[in-house]
Amino acid sequence: MKILITGALGMLAHAVIDELKDENELICTDSKELDITNEEKVLEKVSNINPEYIINCAAYTAVDKAEEEKELAEKVNSIGPKNLAKASKKIDCPLIHISTDYVFNGEKNVNESYKEEEAVAPVTIYGKTKAEGEKNIQENCDKYYIFRTAWLYGEGNNFVRTMLKLGKEKEEINVVADQHGSPTYAVDLARIIKQAINKKIPYGIYHTTNQGFTTWYDFTKKIFELANISCKVNPVTSEQFIRPAKRPQNSKLSKEKILNQGIEIPDWEDALKRYIVKEIK
Ligand SMILES: NC(=O)c1ccc[n+]([C@@H]2O[C@H](COP(=O)([O-])OP(=O)(O)OC[C@H]3O[C@@H](n4cnc5c(N)ncnc54)[C@H](OP(=O)(O)O)[C@@H]3O)[C@@H](O)[C@H]2O)c1
């Protein structure tokens, strides 16, 4: 299958390319080769390549910086997906797009998880621009998958790598213990995307994180346990750890809808074990 991948130098793109490259013809474009905010170029490129799928891995992902760079975040996360949706509709090709738990306000009771059909209510610039991107896709094409994920880690700089480094340098570390969600290994998300394509599941929005829920505090403790790091982890509250963009208290995404399609998703602890074995080799 011929598949166009945008934002090809990003963390998720790396895993997607790795997962799909053997069985498909991948056309991988970085931001220089295809700036998704340029409507004309997007239409021209998509029409010339005429892919069977477009996977949009491009995004503005600097959550805190977005509070100051609203225009750029909006262009990449809202206008970019709109351009891709229009182009995909023109050639009748499904668009696969990645979104985030930040489209919700995170204020739901932490014993519950968010379902796909719940109304979005973003509170940060990043979340607002990602929610606009989702809407733009829904309004401009019919054949789309929007895969919402959260707490992504994989190739390159990420939370796990940072903790492995800090854990070796420090005797103790403070980590937020009142934010709940699912760490998600980019490799596993790429495998979910691959299964969705192969199974031709119905178009729509799906929640796609690793299985199971935890907090950043318990996640960090597990990272240190698996890597044999003795650094002490102190639980702190969100109020003790103020960031420019408010973090959601509840990032739990229900996976019921995608699991009902027969898609297999590993547990976050299993994913973390696989990642750490690779990372500390
Ligand atoms: N990371 C997370 O924790 C997380 C959580 C939930 C959801 N997500 C979503 O998951 C997806 C993948 O995230 P990621 O962590 O893999 O992102 P990433 O590593 O930041 O990669 C994003 C890529 O997009 C490219 N890009 C930026 N502007 C572009 C433009 N105008 N045209 C084309 N490419 C452009 C960037 O290239 P340049 O560097 O050249 O600009 C970068 O290579 C995103 O949709 C993100 O919103 C991520």
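Does serine 182 count as buried or exposed, and how many C-beta neighbours does serine 182 have inside 10 Å? Serine 182 counts as buried, with 26 C-beta neighbours inside 10 Å. This briefing covers a predicted model. The protein has 281 residues. Its secondary structure comes to nine helices and 12 strands.

**Overall shape**

- The C-alpha atoms fill a box of roughly 55 × 40 × 35 Å, taken along the principal axes.
- The radius of gyration is 18 Å, which agrees with the value near 19 Å for a compact globule of 281 residues.
- Of the 281 residues, 44% count as buried.
- Take the contacts between residues at least 6 apart in sequence: 82% of them join residues at least 24 apart.

**Serine 182**

- Serine 182 is found in the loop between β8 (180–181) and β9 (184–185).
- A residue counts as buried with 20 or more other C-beta atoms within 10 Å of its own. Serine 182 has 26, so it is buried.
- Leaving aside neighbours within four places in sequence, serine 182 is in contact with residues including Ala150, Trp151, Thr209 and Asn210.
- Gly212, Phe213, Lys252, Leu253 and Trp268 are also among the contacts of serine 182.
- Serine 182 and isoleucine 96 are 86 residues apart in sequence. Their C-alpha atoms are 21 Å apart in space.

**Around the ligand**

- The ligand is surrounded by 25 residues.
- The closest are Gly7, Gly10, Leu12, Ala58 and Ala59.
- Three elements give two or more residues to this shell: α1 (11–20), α3 (70–91) and β4 (95–100).
- The shell residues divide into 13 nonpolar, nine polar and three charged.

**The nonpolar core**

- The largest nonpolar core has 72 residues.
- Those that touch the most other members are Leu12, Val16, Ile54, Ile55, Cys57, Ala186 and Ile193.
- Helix α6 (residues 186–199) gives the most to this core, with seven residues.
- Isoleucine 55 is in contact with Ile3, Ile5, Val16, Ile96 and Ile193, leaving aside its neighbours within four places in sequence.
- Leu12 thus appears twice in this briefing: it is one of the closest residues to the ligand, and it is one of the core residues that touch the most other members.

**Helix α1**

- Leu12, Ala13, Ala15, Val16 and Leu20 are buried in α1.
- Seen down the axis of α1, these buried residues fall within an arc of 165 degrees, so they line one face of the helix.
- An α-helix has 3.6 residues a turn, so residues three or four places apart point the same way.
- The buried residues of α1 pack against the strands β1, β2 (25–29), β3, β4 and β6 (152–153). They also pack against helix α6.

**Helix α2**

- In helix α2 (residues 39–49), the residues Val42, Lys45 and Val46 are buried.
- They cover an arc of only 95 degrees around the axis, which puts them on the same side of α2.
- On the other side of α2, Glu40, Ser47 and Asn48 are exposed.
- The buried residues of α2 pack against β1 (2–6), β3 (53–56) and α3.

**Two asparagines with positive phi**

- Most residues other than glycine have a negative phi.
- Phi of asparagine 50 is positive, near 50 degrees.
- Asparagine 50 comes just after α2, in the loop between α2 and β3.
- Asparagine 50 is exposed, because 11 other C-beta atoms lie within 10 Å.
- Asparagine 228 is not a glycine either, yet it has a positive phi of about 55 degrees.
- The place of asparagine 228 is the loop between α7 (216–226) and β12 (232–236).
- Asparagine 228 has 9 C-beta neighbours inside 10 Å, so it counts as exposed.

**Lysine 75**

- Lysine 75 lies in helix α3.
- Its count of C-beta neighbours inside 10 Å is 18, so lysine 75 is partly exposed.
- Leaving aside neighbours within four places in sequence, lysine 75 is in contact with Thr37 and Gly80.
- Lysine 75 and glutamine 211 are 136 residues apart along the chain. Their C-alpha atoms are separated by 32 Å.

Notes: Residues are numbered from 1 along each chain as its sequence is written. This is a predicted model: local features need pLDDT of at least 70, side-chain atom pairs count only at pLDDT 80 or more; totals for chains, interfaces and linings use all residues. Helices (H or I, at least four residues) and strands (E, at least two) are DSSP runs, numbered from the N terminus. The radius of gyration is taken over C-alpha atoms; the globule rule is 2.2 Å times the number of residues to the power 0.38. A residue is buried if 20 or more other C-beta atoms lie within 10 Å of its own, exposed if 12 or fewer, and partly exposed in between; C-beta atoms are placed from the backbone. Two residues are in contact if their C-beta atoms, placed from the backbone, lie within 7 Å. A residue is near a molecule or strand if its C-beta atom, placed from the backbone, lies within 6 Å of it. Ala, Val, Leu, Ile, Met, Phe, Trp, Tyr, Cys and Pro count as nonpolar, Asp, Glu, Lys and Arg as charged, and the others, Gly among them, as polar. The arc is that of the directions from the helix axis to the C-beta atoms. A nonpolar core is a set of buried Ala, Val, Leu, Ile, Met, Phe, Trp, Tyr and Cys residues joined through C-beta atoms within 7 Å.
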